[in-house]
Amino acid sequence: MKVELVVNGGHRVVRVEPGETLLEALRADGYTSVKNGCANGDCGACAVLVDGRAAASCLLFAAQVEGREIITIEGLTGADQAYHPLQRTMLDAGGVQCGFCIPAMILTAADLLARNPEPTRDEITSYLSGNLCRCTGYAKQIEAIEMAAAILREGGVDG
Amino acid sequence: MADKFNVVGASLHRVDGRALVTGKPVFADDLPKRAGLLHIALLTSPHAHARIASIDTTRAEVMPGVSLILDHRNTPERRYTTAGQGYPEPSPYDARMFDTKVRWVGDRVAAVAAASLLEAQRAAEAIDVEYQLLEPVLTVDEAIAQGAPVIHDEDDALDIWDGSRNIAAHVVATAGDVAQGFAESDAVVEVTTETQYGQHAPLEPHVANTYLDENGRLVIVTSTQVPFHVRRIIGMLLDVPIHRIRVIKPRIGGGFGVKQEVLIEDLPALVTLRTGLPAELVYSRHQEFISSRTRHPMRIRVKLGAKSDGRLHAIEMDVLSNTGAYGAHSLTVLSNVGSKTLPLYNKAPNLLFKGDAVYTNLPVAGAYRGYGATQGYFALETAVDRLASSLDMDPLDWRLRNHIQEGETSPIFVALGEGREGVEQTITSCALTECIRQGAERIGWEEKRGKRERHGSWVHGVGMSVHMQGSGIPAIDMGAATIKMNDNGSFNLLIGATDLGTGSDTILGQIAAEVLTVPLEKVIVTSSDTDITPFDVGAYASSTTYVSGMAVQRAAADVRAQILDVAREMLGSDPASLTLEDERVTASNGGSVTLDQIGIRTLYGENQRQIGATHSFAPQLSPPPFLAAFCEVAVDEDTGQVAVVRFVSAVDCGTPINPRSAEGQVEGAIANGIGYALYEELVFDAMGRPKTTDYARYKVPGPQDLPRLETILVESYEPTGPMGAKSVSEIGINAPIPAIANAIHDATGLWLTKTPFTAERVWRALQSR
Amino acid sequence: MSRPSVTEYRRPVSLDEAWRHIADGDPAVRLLSGGSDLAISAPPEVTTLVDIGGVLDADIEADDEGSVQIGAGATLTAILEHPDLSSHARGVIPEMMVHVGNPLLRNFATIGGHLARGRLSDVVPVLIALDAEVMLYRDGSTARMALSDYLTDHHNDTPHILTGVRLSGLPDRSAAAFHRISRTAFDFPILNACCRIDASGDRIDQIRIVCGATPQVFERARQAEASLASGGLSTDSIREASRLARGEIQTGSGWVATAEYRSHLVEVLVTRCLETAVERLSP
């Protein structure tokens, strides 16, 4: 079937199987930043934003999100490859090791900060509870999110 | 020490950081798919122990999209080991690509290559296999009992210690006389601990792509920790000369030891060789849990004897290790249980270490961060607390009194190597005393120890543990580095060393940048391509910073000397008077030239030559990093739940090349260790079939399950290491089990001896208190 | 590919059209609403998905009497965040919902999809304790039924579309509390419990003591409820009710926990829920 996906502001008509998940459709369409860590809804590495809310793309059929706005990390990166504050702080804080969980982690954090500009540590860990990382122990990722929240509150866009 | 450096000691952004935070296609499964790509599906055994009586692929062969089916009838019969170790690998050669016998639920039966994964999977389901069931052996006790079924009864396996008794490996090491030692001791304690099956569960599963390049050479792009071992082992297994194989490691999404293995590369490689087409095998999460590698479950008995003043006098350690269905890493992990633990308390002159690694019809245990030390420290560090308790000593003071110090040695260093005799060594850097002091202060040891502070049904306690590991395998590991200079005073650094997310590309770049006085971005790091980069054993045994780092330092020093030679030519100066600083060579008489001027001259000007060097480092020592861990737990006496309230790690890794990176390695290891201590467990039914085959059932810690991990880097200076550095990647994972166990004891009086410390297990222990 | 056996994806524009797709009870046809179990675990016999995400009511509306109508298409996140639900029974709904899965799941999973699964749940014991009703659409008409009846008797019944959940208004002094035990935070419950107390003056009007993940989806501890109703809200009465609950709730053993431990947790969690509910009752 043909499904119109709105990815990072662009309208893409993709051919998908009826039983194909958004994760599969996005990766097949070249958005390899969306990771397959388990395809079972357990690890969060496949998270994207759908209408601004973080979603596990392995739990959505591609057809389900036709016409809805999907953002992957490519859509968060600025023009001229400028960093979103979360991308910069994740590097500054040392929250990136292997990087496999990072696009999803950043997108989920972006969702959090959009609706809660000054989250407590508990609110951060609660909102990120579905994003597993096996490398970092989360400490520096949480620090990065706190740093980015401060930058965003001060009106910084480039971090 | 670190403040005398410009680039080293700075927490710079990772050199691959931009690619990772912007989601560039840098992982093996992200790379563009080649035309004609064949996808591989595996058929694995549903039985824990069986002979393949017959296998019929005729139905499958004619199914849509199917290109090739592999099974024991059409693949090499030679025995080998999948262990990614140096040659000759110190692991039994007991594996075949496809055997006529299956030895665990998840063992290979057949592989189908087809135009799509779905078609391959459908065809795999259409393969008809007749199994002759054999009695499964599911515990080590059953395995070594008289009359147990023999798991490896093949006649062509090599280096199995005693296959008839299912013993893959056996180790003994002694010093002094333990019997006498215990007799002379004033206090003796004995503890037996048991650790469970655990899985690395990296977010990225195993992925391998293969193709024939334009010259017909086999190229393997694989998520591996050991590209050079992959090349050699695949070459040997598939009878392809090494010069006809290229192995490339892209970015890896975590490994932790599960990718120190030639686990899957042989399958797409053989498919490509037979069909001429590119091939890919991507493990599903399910396959990661059932058909890859795990940590060795172990039962370890430790007996300690000490004099009344606390000085340790005798240590006995007896290990029974479950190596699963095949013996990869069986001997070396077993040896490490002792070699990475016993030297820590070198005061005891009487030592006995012995152990057996035993086959069972369960998943294959292999390399997993910590590599035996994790299991060993549970027994040792809880025995230490018990010993201190019996002597009425603060366990912190006991450790201060007994731990190894700079200038000291232990007989274990030479008695226990990796599959052979080890090497004598003396500790040349050790800040453990300071680690203990700082960690204790940070956690509030004096204030909290013994207080059992209560909040509702939660009772608090603090515990500690101390550790050493190693920095590479002495006399066995080797790493090399090549540096060449470009027109503008930038450099290419080519290293075999394998960054699996550890940040080694970055820190090795920092070492080169430091010596060459350039900013990090002027060092272009290329790693882990067997055609381009010089040799490196790969990322394991905490080797990269120390071994590969030293090779980088040597190569950089050589290049620096060449730079000065050219500068001398250009400036006409007396040899002694030149200094290289901030990308400029200055003579004492005031003349100077910049690196880019030197670059232009050497490539295009006069006396042209390529400034460059290749150097290797094969260490004769393995200077240990040290770690003191302090943990505060809260135990809910109503439910048995254990919460880690704080976890402080004070670490001596010599000079931290990139402090945030070093902390990150420690914190990730601690997190993994906490998961293994409290939640993670592979569970099997009575027929050996796995129950925990996804992240829903095998629980790794999420952000809500961990406190804000605290890491204190306590610097020492390792004179034999690059810029004074030692390695740091593994040591953290050994701390949580004993630190948590000791903290639970402080809180409740319970001595727990079996992991994971699940709520029910703790509750039951509380009931029988 | 995730669900290779699925060959048809339908998107009805009305409830009636959706109904016609499932009316003959063909097990190969399944309704799909939010972020979905179906994407990861639809059995191979499922060939047709009927996406009702667009036709289900997703609104959450309270009326003047405090009863709340929740459209089956409301996401778990919407339920977690809705102010009318936040205060219902003194906060038990967000107290529970923050533990359900994780935000990635909650942002798209719908309450209708969740209840239609009828399996291990933290949501169910709370809705049962709140006497929730469900709306079921069949062939042009909507019937209302107690959630408890739906899950016990009618869950696997003739074809239906779950279109809404209704929570009745509660008296002024009504409080509920929820507790759960799991291994890690993001994990299936080992056991959970929800207790609700409606009181007026010294009189206890309603008690609900519900356990879930026993591993049954829910069970009410009726003897415990009766004991508390007559015994009052003292510490001793709470202790007695918890003890009775432990005796009457059937628990089962699995590889994560034994029945014995679960039964122990019944007593612990019921005590905690009752104590918390009592605390919340006081002005």
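Which residues is C:Val270 in contact with, leaving aside its neighbours within four places in sequence?

## Around C:Val270

This is a predicted model. Leaving aside neighbours within four places in sequence, C:Val270 is in contact with C:Ala193, C:Cys195, C:Ile209 and C:Ala221. C:Ala224, C:Ala241, C:Ser242 and C:Ala245 complete that list.

## The largest nonpolar core

C:Val270 also stands out in the largest nonpolar core, which has 409 residues. Together with B:Val112, B:Ala512, B:Ile740 and C:Cys195, C:Val270 touches the most other members. C:Cys195 is also one of the contacts of C:Val270.

The largest share of this core comes from helix α16 of chain B, residues 544-571. That helix supplies 12 residues.

## Where chain B meets chain C

Chain B puts 15 residues in contact with 14 residues of chain C. On the chain B side, helix α20 (residues 759-767) gives the largest share, 3 residues. By class, this side of chain B has 6 nonpolar, 4 polar and 5 charged residues.

## Two domains in chain A

The domain assignment splits chain A into domain 1 (2-75) and domain 2 (79-153). Their centres, taken over C-alpha atoms, are 20 Å apart. Domain 1 of chain A brings 18 residues to the contact, and domain 2 of chain A brings 12 residues.

Two strands of chain A, β3 (47-50) and β4 (53-56), each supply at least two residues of the domain 1 side. By class, the side of domain 1 that touches domain 2 has 11 nonpolar, 5 polar and 2 charged residues.

Methods: Residues numbered from 1 in each chain as written. Chains lettered and ligands numbered in written order. Predicted model: local features only at pLDDT ≥ 70, side-chain atom pairs only at ≥ 80, totals over all residues. Contact = placed C-beta atoms within 7 Å. Helix = DSSP H or I, 4+ residues; strand = E, 2+ residues; numbered from the N terminus. Nonpolar A, V, L, I, M, F, W, Y, C, P; charged D, E, K, R; others polar. Core = buried A, V, L, I, M, F, W, Y, C linked by C-beta atoms within 7 Å. Buried ≥ 20, exposed ≤ 12 C-beta atoms within 10 Å, placed from the backbone. Domains from an automatic or database assignment.
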